[in-house]
Amino acid sequence: MNEELKIKLIMHYISKSHRDAFSNMTVYDVAKDLKIGMTRAYELFNEKDFPSVTVGKTKVVMVLSYYVWKYEKYNKNLTINSNLGGGSNA
């Protein structure tokens, strides 16, 4: 996918979220968006490829960075699934 389309899609999702692209999301915000528990969200914030920073004792991720990460993870999973044949064996 070309870079221009990628940027447009990410900006579209940010505008749908009603957030400023340069504001921060907390662990709670990410957990809510991904529909995961707080323990898993904290684990995610500690992963090497997740673009979080620690401000004082609070872990945050910039909205723009989060949506880029989410987009890239989603596309990576689609590529892996399509290469493996994805879908059901019904």
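## Helix H3

Ala-41, Leu-44 and Phe-45 are buried in helix H3, residues 38-45. Their directions span an arc of only 100 degrees around the axis, which puts these residues on the same side of H3. The arc is taken from the directions between the helix axis and the C-beta atoms. Buried stands for under 20% relative accessible area, exposed for over 50%, and partly exposed for values in between (1.4 Å probe, protein chains only). Helices (H or I, at least four residues) and strands (E, at least two) are DSSP runs numbered from the N terminus.

## Model and conventions

This is a predicted model, in which local features need pLDDT of at least 70 and side-chain atom pairs count only at pLDDT 80 or more, while totals for chains, interfaces and linings use all residues. Residues are numbered from 1 along each chain as its sequence is written, and side-chain values use heavy atoms, with hydrogens and water left out.

## The sheet

Three strands make up an open sheet with the order E1-E3-E2 and antiparallel pairing. The edges are held by E1 (24-26) and E2 (52-55), each with a single partner strand, so one side of each has no neighbour in the sheet. Neighbouring strands here are turned by 45 degrees against each other on average, direction ignored. Axes are lines fitted to C-alpha atoms, for helices over the stretch in contact, and angles run from 0 to 180 degrees between N-to-C directions. Two strands count as paired if DSSP finds at least two bridges between them.

E1 is joined to E3 (residues 58-62) by three bridges. Across this pairing, Asn-24 stands opposite Met-62, and Met-25 stands opposite Val-61. On the other side, four bridges join E2 to E3, again antiparallel. Thr-54 has Lys-59 in E3 as its bridge partner. The hairpin of E2 and E3 has two residues between the strands, and Gly-56 in this hairpin takes a positive phi near 65 degrees.

## Salt bridges

Side chains of opposite charge can pair when their charged atoms come close. A salt bridge is counted where a side-chain nitrogen of Lys or Arg lies within 4 Å of a carboxyl oxygen of Asp or Glu. The whole structure contains five of them. One links Glu-4 and Lys-8, with the closest N and O atoms 3.4 Å apart. Both residues lie in helix H1 (residues 3-16), separated by four residues, about one turn of the helix. Glu-4 is exposed at 54% relative accessible area, and Lys-8 is exposed at 53%.

Asp-49 and Lys-73 form another salt bridge, at 2.9 Å from N to O. Asp-49 is in the loop between H3 and E2 and Lys-73 is in helix H4 (residues 63-83), so the pair ties together parts 24 residues apart in sequence. Asp-49 is partly exposed, at 42% relative accessible area, as is Lys-73, at 26%. Arg-40, Glu-43 and Glu-47 are joined into one network by salt bridges that share partners. Within this network, the side chains of Glu-47 and Arg-40 meet at 3.1 Å, N to O. Glu-47 is partly exposed at 29%, and Arg-40 is partly exposed at 36%.

## Nonpolar surface patch

Tyr-28, Met-38 and Tyr-42 form a nonpolar patch on the surface, together offering about 320 Å² of accessible area. Tyr-28 belongs to helix H2 (residues 27-34). Patches consist of residues with over 30% relative accessible area and no salt bridge, with like charges joined within 9 Å and nonpolar side chains (Val, Leu, Ile, Met, Phe, Trp, Tyr) within 5 Å. Accessible areas come from the Shrake-Rupley method with a 1.4 Å probe, and for residues only the protein chains shown count as cover.
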